[in-house]
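Trainee: Could you walk me through this model before I set anything up with it?
Mentor: Gladly; have it open beside you and we will go through it piece by piece.
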2 protein chains.
Amino acid sequence: MANDKIKNMEEFAALSGISRPTVSKYFNDPESVRPKTRARIEEALQEHDYRPNMYAVNQNRKLTKNIGIVVPSLVDPYFAEIARNLERRCIDAGYRPTLFSAHGETHHEVDVLMTLRSIKPSGVLLAPLGRATDRAVLEKFCDDVPTLIFDSSVEQFGLAFVGSDNNQFTTHITDYLCRTGEPPCFYEMKTPANPNAHRRRQAYIEAMESFGLTPHVISIDGEGWEFEEISRLGGHKALEEGAFPTNTVLCSNDRLAIGLLTACYERGVKVGRQPDAVIRVAGQDGHPYSRFTCPPLTTISHDYDAVSKTAANALFDAIEGQVEPWKSTRIEGKLILRDSA
Amino acid sequence: MANDKIKNMEEFAALSGISRPTVSKYFNDPESVRPKTRARIEEALQEHDYRPNMYAVNQNRKLTKNIGIVVPSLVDPYFAEIARNLERRCIDAGYRPTLFSAHGETHHEVDVLMTLRSIKPSGVLLAPLGRATDRAVLEKFCDDVPTLIFDSSVEQFGLAFVGSDNNQFTTHITDYLCRTGEPPCFYEMKTPANPNAHRRRQAYIEAMESFGLTPHVISIDGEGWEFEEISRLGGHKALEEGAFPTNTVLCSNDRLAIGLLTACYERGVKVGRQPDAVIRVAGQDGHPYSRFTCPPLTTISHDYDAVSKTAANALFDAIEGQVEPWKSTRIEGKLILRDSA
DNA sequence: ATAAAACTTTTACGCGCGTAAATTTTCGGT
DNA sequence: ACCGAAAATTTACGCGCGTAAAAGTTTTAT
């Protein structure tokens, strides 16, 4: 590979012996030029290592190949995992994904949307903050940019919604817990950052009632995204006060469960389904670390692949012109039986 | 705010009653125009909501305001945390950071570097994969783009290196473990993905020898970045074979420790510093989840703030023209005493 | 071989903005 | 009120590429 610095397409076109407009066509779609021409360009490409200037390209294209991926927090392994999954799918589909995190705060989410506008993405995959999302800003954004909402829905904004079926999640695991021991109480944050929390509480209550049982919800104090620590503290308080009416606790999500397990450990409360255990704890999400808690956490897991595949494909379809009415796709979770419940 | 769509700076300049070049100056540096002029522009800005076209701007600027942040894996909470920290600092300093993950693989890291070239960043903060990094590619990249290497150094590439002092980490915690119980053996992966692992093993050996003790290194099998699971399996094997020559295990990093704790739990091996515990386990890194293991993990923590602050500032200085010879800054960690050791 | 179809080349313009040079306006100090 | 300096304006060009139109060339089908 020669080390000559090629500074623009003009020069590269000259070196490859092809006209610049044709080279331009090639970069926009290699299949659009004659095989012989393509071969010559690719040959020159190997020797001279040239890449079109991104900024000049996107200035003139009606549609960039950019896709924005936005999650509430990249520090949360659940979102990190799904973002990774989505990123890969975008790249494989020939797009250029860019990752953004709202860092759990409204104003950051708003900033991200402003930034996104400036890169003129052809589409956006957005997992909203939820309760903390600025509805008006998001709605306006969805009007301007093809946006697919995932993880938690915000009204009927955007192209469509794809997420997990929180009702099924909670109903399913509640059912399991009822069948294998005492019916669970529900452990959650009083003011949850995650909007799915509301759905899950509701689903728990309905499931319990449909089984002819009385639901019990324990709502702990705490603000923000430090779920584990909030739950650890709340767990201590609940255990001390004897706030759990049954020996089975269904947590609104795995991170709360992780914190609760720590609280149990610190108080010497044995968790599990063995005879000598005094409490069963279950989570929801299929958090990457749920396998490594002590005891390993029984949970109901998102189908990460299915969610991200459905979401990504729906966006790609919309970008490529398919117009479909707004719809909501909710994907079932899989129960993961481990030792904690 | 009027809803008229302003399509370029020309129009906006007309509406604000200021000439386009002056408006351009304003956007590049609001302080560079007369206060009265600035006020008029900002007034118009509120009413008409215009933002310069990013692509047109960066096409002509010698130096974009972009900064690339690259980590080996965003799914690893340690890197997610430090990436978050760096991202914030870039934004606060007026830059536009973009996050990239190498997903633990060489070819992805190479791809990221190619992508980075195309966005013409004014600087890059890069945590290399380490052993798996393509040296030649990285070296060439560092020649072309101002790059600051952090977390693990690769020769003397880039502007400088900023990371934790792995020698101090390991020496310090080894010392602590020796003083409070049996001297530790060292638990690591045979072929670690993380290059700091080598330094830490070496530091352990030297520390032990300086204390007049015999070092013992247990190297477990496994490839890739699924440290916890690799460690859990390796831990089972080691415990079964009685491979630990002492009751104290110092893990090369917290993720290995988390897996080992799970293995211990699954075998009913009690971990901790209480009299009835049979093994002590310590980690290294100050992983966000180390607080929530059972028992909570004793570890030596990165000074996340100091590392990211030093790294970011060094890059900013270089971008702003300060030329300094390559240097390596290694920041000490803080021992976090918890129940596991 | 010939005509039609498909592809390239040439030419030319525009995108939205940075930026330099020359000129005019504005401002603070006296 | 006057003058010099600082700032704003006018004018003009260029960045690297997309893209359209017209003309030329190659390929494919008949």
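Trainee: Which strands does helix H8 of chain A lie across?
Mentor: Bearing in mind that this is a predicted model, helix H8 of chain A, residues 166-180, lies across E6, E8 and E9 of that chain, and it runs at about 170 degrees to E8(A).

Trainee: And what about H10 of chain A, what does that one lie across?
Mentor: Helix H10 of chain A, which covers residues 227-241, lies across E6 and E7 of chain A and runs at about 125 degrees to E6(A).

Trainee: What's the strand order in that chain A sheet?
Mentor: The order is E7-E6-E8-E9, in an open sheet of four strands with parallel pairing. Strand E7 (217-220) and strand E9 (280-282) of chain A each have a single partner strand, so they stand at the edges and one side of each is left without a neighbour in the sheet. Neighbouring strands are turned against each other by 25 degrees on average, with direction ignored.

Trainee: How many bridges are there between E6 and E8 of chain A?
Mentor: Strand E6 (residues 185-189) and strand E8 (residues 248-251) of chain A pair over three bridges in the parallel sense, and within E8(A) it is Val249(A) that serves as bridge partner of Cys185(A).

Trainee: Switching topic, which residues have the most contacts inside the largest nonpolar core?
Mentor: Those are Leu125(A), Phe244(A), Leu125(B) and Phe244(B), in a core of 129 residues. Apart from that one lies another core, of 36 residues, which includes Phe100(A), Leu126(A), Leu138(A) and Leu116(B).

Trainee: Is Ser308(B) buried or exposed?
Mentor: Ser308(B) is buried, with a relative accessible area of 0%. This serine lies in helix H12 of chain B, residues 304-319, and, leaving aside residues up to four places away in sequence, Ser308(B) touches Ile82(B), Asn85(B), Leu86(B) and Arg89(B).

Trainee: Now the DNA: which residues come nearest to strand D?
Mentor: Of the 27 residues around DNA strand D, Met9(A), Ser24(A), Tyr50(A), Arg34(B) and Asn60(B) come nearest. Sugar and phosphate make up 67% of the atoms of DNA strand D that come within 4 Å of the protein.

Trainee: Which helix gives the most to the surface near DNA strand D?
Mentor: That is H4(A), with four residues.

Trainee: What do Gln59(B) and Asn60(B) lie close to on that strand?
Mentor: An N or O atom in the side chain of Gln59(B) is 3.0 Å from a base nitrogen of DNA strand D, while for the side chain of Asn60(B) an N or O atom is 2.5 Å from a base oxygen of DNA strand D. On the backbone, a polar side-chain atom of Ser19(B) lies 3.0 Å from a phosphate oxygen of DNA strand D.

Note on methods. Residues are numbered from 1 along each chain as its sequence is written. Chains are lettered from A and ligands numbered from 1 in the order in which they are written. This is a predicted model: local features need pLDDT of at least 70, side-chain atom pairs count only at pLDDT 80 or more; totals for chains, interfaces and linings use all residues. Side-chain values use heavy atoms; hydrogens and water are left out. A nonpolar core is a set of buried Ala, Val, Leu, Ile, Met, Phe, Trp, Tyr and Cys residues joined through side-chain atoms within 4.5 Å. Buried means under 20% relative accessible area, exposed over 50%, partly exposed in between (1.4 Å probe, protein chains only). Two strands pair if DSSP finds at least two bridges between them. Helices (H or I, at least four residues) and strands (E, at least two) are DSSP runs, numbered from the N terminus. Axes are lines fitted to C-alpha atoms, for helices over the stretch in contact, and angles run from 0 to 180 degrees between N-to-C directions. Contact means heavy atoms within 4.5 Å. A residue is near a molecule or strand if one of its heavy atoms lies within 4 Å of it. A polar contact is a pair of N or O atoms within 3.5 Å; within protein, one must be able to donate a hydrogen and the other to accept it, and residues adjacent in sequence count only if both atoms are side-chain atoms.
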